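Please open the model in a viewer and keep a selection panel at hand. The tour below proceeds by selection, stating at each stop what is to be found there.

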Amino acid sequence: MAMAAIKKSVDPLDVSNGDELLRDILHGVAQQLARQHNPQIVETVMRDIEKQFGGVRITGFLPILIMREASERLRKLEPKKIEPVLPVAESVKLDFLRFEFKYILGENLRDRIEKDIKHFATLDPYVASKEDRSYIVRSLYYDDQAFSNYHQKNDGLLKRAKFRLRTYTNNPEDSCKTYLEIKGRYNSLVFKHRVGFNASVSSSTFAGCGDITSEISATINQSPVAEQFRYELERKKLMPIMLIDYIRRPYISKYDPEFRLTFDDHLHGTITNRLFPDPTQDRRILPGYTVLEIKFRDRIPLWFHQIIKNYSLERKSISKVCKGMEVCNMVSCVD
């Protein structure tokens, strides 16, 4: 589809017929927006935008710019927007629905980029007072016996979702808040929703339980996500298969709070069905790199476009849990 053009480089695309490519991009954006807005209004807006963008240089980020412009116009015309249909229960209220782009950085490049972004972004207030300016992310991922989530990701399936149990400590004795999350993709957008547990339940609860799945089902707060999880447990025979943990340092744009960046490093994967496996269990380090992830709803700011250009950054479609499964030899590595 036309939105796949987002995956290309920021350099001008080498095409002989720019008008035809522009029409393809407009058509792809219109198809997505028509799921959320009145199709007739979308058609009118896109005709105006075609005139606005006619003759511009076709770059890999043009679909994003067009999406942003069209979304802003439609918000003014239709302030009460209909949420798109997602592969979860219809009554789920999403924590977010956004774009997420990832870049793989070596240590030196990470330090240089992080230094540059400090002119435009500030540390998330949650970590600003912490000594190491970061926090731990620990996630236990679920899949079926055929590893369907893994294969759907590597096959590029545009509509997919997975469950994970997430907490923010590596100490099994901590009483840290813990959540069941469903995260997935709907075409070019990423969605996530999380639900907590009974007031007495924390990460230490899951450290001491024998059957973590039964504990989740018994103590999770009632919600559409909980219902979906129980349904998928029966339908797909889901089970916990892989623990991923890493250190995250988050930033927020000084000029647009909806534009966020995270630097994830010290990534590890463990084959386990527990949130806190035995310390002697084989814990594999993922290849020594940092995952830079940008998260936004409508647009990438110009200052980050410049960083992409300055450092020749290329988007990578990487999944931490998929990479962990490969490093731990659960599946054959996919290039």
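The stops that follow begin with confidence and then move through strands, cores and single residues.

**Confidence**

Colour the chain by pLDDT first. This is a predicted model, with a mean pLDDT of 84 for the protein and 85% of its residues at 70 or more. Select residues 1–17: pLDDT stays under 50 there, and the model has 37 contacts for this stretch beyond four places in sequence. Then select residues 80–94, where the pLDDT is below 50 and the model has 29 contacts beyond near neighbours in sequence. Where pLDDT is low, the predicted coordinates should not be read in detail.

**Strand 8 and its partners**

Select residues 260–271, which form strand 8. Nine of the twelve residues of this strand are buried, so strand 8 is largely enclosed by the rest of the structure.

Which strands pair with strand 8? Add residues 239–253, strand 7, which pairs with strand 8 in the antiparallel sense over ten bridges. The two strands form a hairpin, with six residues between them. To check the register, display isoleucine 244, which stands opposite glycine 269 in strand 8.

Next add strand 10, residues 290–296; five bridges join it to strand 8, and the two run antiparallel. Here phenylalanine 263 stands opposite leucine 292 of strand 10. Finally add strand 9, residues 283–285, joined to strand 8 by three bridges and also antiparallel to strand 8. In this pairing histidine 268 stands opposite isoleucine 285.

**The nonpolar cores**

In soluble globular proteins, nonpolar side chains tend to be buried together. In this model, the largest nonpolar core has 63 residues, and Met46, Leu261 and Phe304 touch the most other members. Select residues 18–33 as well: this is helix 1, which gives the most to this core, with seven residues. A second, separate core holds 23 residues, among them Val201, Phe229, Leu275 and Phe276.

Centre the view on phenylalanine 304. Beyond four places in sequence, its contacts are Tyr103, Phe259, Leu261, Leu292, Ile294 and Leu313.

**Threonine 178**

Move to threonine 178 in strand 5, residues 178–186. Is this residue buried or exposed? Its relative accessible area is 6%, so threonine 178 is buried. Its side chain makes a polar contact of 3.2 Å with the side chain of threonine 167, and reaches the backbone nitrogen of serine 203 at 3.2 Å. Contacts of threonine 178 beyond four places in sequence include Phe197, Phe206 and Leu275; Leu275 also belongs to the second core.

**Phenylalanine 120**

Select phenylalanine 120, in the loop between helix 4 (107–117) and strand 2 (121–123). At 28% relative accessibility, this residue counts as partly exposed. What does phenylalanine 120 touch beyond four places in sequence? Its contacts are Ser253, Lys254, Tyr255 and Trp303. Draw the C-alpha distance from phenylalanine 120 to serine 253: it is 6.0 Å, although the two are 133 residues apart in sequence.

**Cysteines**

For the last stop, display cysteine 176 and cysteine 328. Cysteine 176 is buried, with a relative accessible area of 18%, and cysteine 328 is buried at 8%. A disulfide is a covalent bond between the sulfur atoms of two cysteines. The structure holds zero disulfides.

Methods
Residues are numbered from 1 along each chain as its sequence is written. This is a predicted model: local features need pLDDT of at least 70, side-chain atom pairs count only at pLDDT 80 or more; totals for chains, interfaces and linings use all residues. Side-chain values use heavy atoms; hydrogens and water are left out. Helices (H or I, at least four residues) and strands (E, at least two) are DSSP runs, numbered from the N terminus. Buried means under 20% relative accessible area, exposed over 50%, partly exposed in between (1.4 Å probe, protein chains only). Contact means heavy atoms within 4.5 Å. A nonpolar core is a set of buried Ala, Val, Leu, Ile, Met, Phe, Trp, Tyr and Cys residues joined through side-chain atoms within 4.5 Å. Two strands pair if DSSP finds at least two bridges between them. pLDDT is the predictor's confidence in each residue, from 0 to 100. A disulfide is a pair of cysteine sulfur atoms within 2.5 Å. A polar contact is a pair of N or O atoms within 3.5 Å; within protein, one must be able to donate a hydrogen and the other to accept it, and residues adjacent in sequence count only if both atoms are side-chain atoms.
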